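Let's take a quick tour of this protein, with its pockets and one pair of packed helices as the stops. Have a look at the picture before reading on.

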Amino acid sequence: METETATRWLTDDEQRTWRTHLDVSRLLMHQLEKDLQPFGLTNNDYEILVNLSESPEQRMRMSDLAAATLQSKSRLSHQITRMESAGLVRRENCESDRRGLYAVLTEQGTTTMQRVAPHHVASVRKHFIDLMTPEALAELRESLSPVADHLRGRRGKS
């Protein structure tokens, strides 16, 4: 016979904290997406451009980019196809692995990043950073780091 374990329901304080986190996460990502729309970009587009712009030779293996952006390879492939059509990225074959492909930031992608990044940073400041004290930001980072570390460690696991 299986033994039942009691569900550890959230306390009222834990529930309020959890729901505030969910609200902030959804509202902030919605606002950042809205602020990217005038540039014809989504949050996913911007995240890909950032990853590529910060990578050596401004390129990444598609599988590494999928992992970095938490997208399936299939979804990333569709995303890259759309971004290729916009001239932001291109695909290149991997010399060392015939099956592998690179996503590469184009000159137009670099120009787009240079144009959009100041607006994105201003949006992040306006809707997040500047609403908290430096001490509150440090506390938030310290509080969320163990959660991020835990979840990074679970990637690819059930």
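## The main contributor to the largest pocket

Start with helix H1, which gives the most to the lining of the largest pocket: 12 residues. Keep in mind that you're looking at a predicted model.

H1 spans 12-36, and it shares the job with H2, helix H5 (107-127) and helix H6 (134-154), each supplying at least two residues of that lining.

## The largest pocket up close

How many residues line the largest pocket? There are 24, and the ones that lie nearest its centre are His 21, Ser 25, Leu 28, Phe 128 and Leu 144. The volume of the largest pocket comes out at about 890 Å³.

What sort of residues are they? Sorted by class, the lining of the largest pocket has 12 nonpolar, 8 polar and 4 charged residues.

## The runner-up

The second largest pocket has a volume of about 510 Å³. Its lining is made of 12 residues, with Leu 70, Leu 144, Ala 148, Leu 151 and Arg 152 nearest the centre. Two elements, H1 and H6, give two or more residues to this lining.

Here H6 gives the most, with 5 residues. By class, the lining of the second largest pocket splits into 6 nonpolar, 3 polar and 3 charged residues. You may have spotted a familiar name: Leu 144 is among the residues nearest the centre of the largest pocket, and it is also on that list for the second largest one.

## Where H2 meets H4

Now for the helix pair. Helix H2 (residues 43-53) packs against helix H4 (residues 73-85) at an angle of about 85°, and their axes are 11 Å apart. Angles of 65 to 115 degrees count as roughly perpendicular, so H2 is roughly perpendicular to H4.

On the H2 side, the contact is made by Asn 44, Asp 45, Ile 48 and Leu 49. H4 brings Arg 75, Leu 76, Gln 79, Ile 80, Arg 82 and Met 83. Taken together, the residues of this contact are 5 nonpolar, 2 polar and 3 charged.

## What the record says

UniProt, in an unreviewed entry, lists residues 14-149 as "domain: HTH marR-type". Over that stretch the chain is 67% helix and 10% strand. The C-alpha atoms at the two ends of residues 14-149 sit 20 Å apart.

Definitions and conventions
Residues are numbered from 1 along each chain as its sequence is written. This is a predicted model: local features need pLDDT of at least 70, side-chain atom pairs count only at pLDDT 80 or more; totals for chains, interfaces and linings use all residues. Side-chain values use heavy atoms; hydrogens and water are left out. Axes are lines fitted to C-alpha atoms, for helices over the stretch in contact, and angles run from 0 to 180 degrees between N-to-C directions. Helices (H or I, at least four residues) and strands (E, at least two) are DSSP runs, numbered from the N terminus. Angles under 35 degrees count as roughly parallel, over 145 as roughly antiparallel, 65 to 115 as roughly perpendicular and the rest as oblique. Contact means heavy atoms within 4.5 Å. Ala, Val, Leu, Ile, Met, Phe, Trp, Tyr, Cys and Pro count as nonpolar, Asp, Glu, Lys and Arg as charged, and the others, Gly among them, as polar. UniProt positions are given in the numbering used here, feature names are shortened, and annotations may be inferred rather than shown by experiment. On a 1 Å grid over the protein atoms alone, a cavity is a set of points where a 1.4 Å probe fits but cannot get out, and a pocket is an open set with protein on both sides within 12 Å along at least five of seven lines; lining residues have an atom within 4 Å of a point. Grid points are joined across faces, edges and corners, and a volume is the space filled by probe spheres set on the points.
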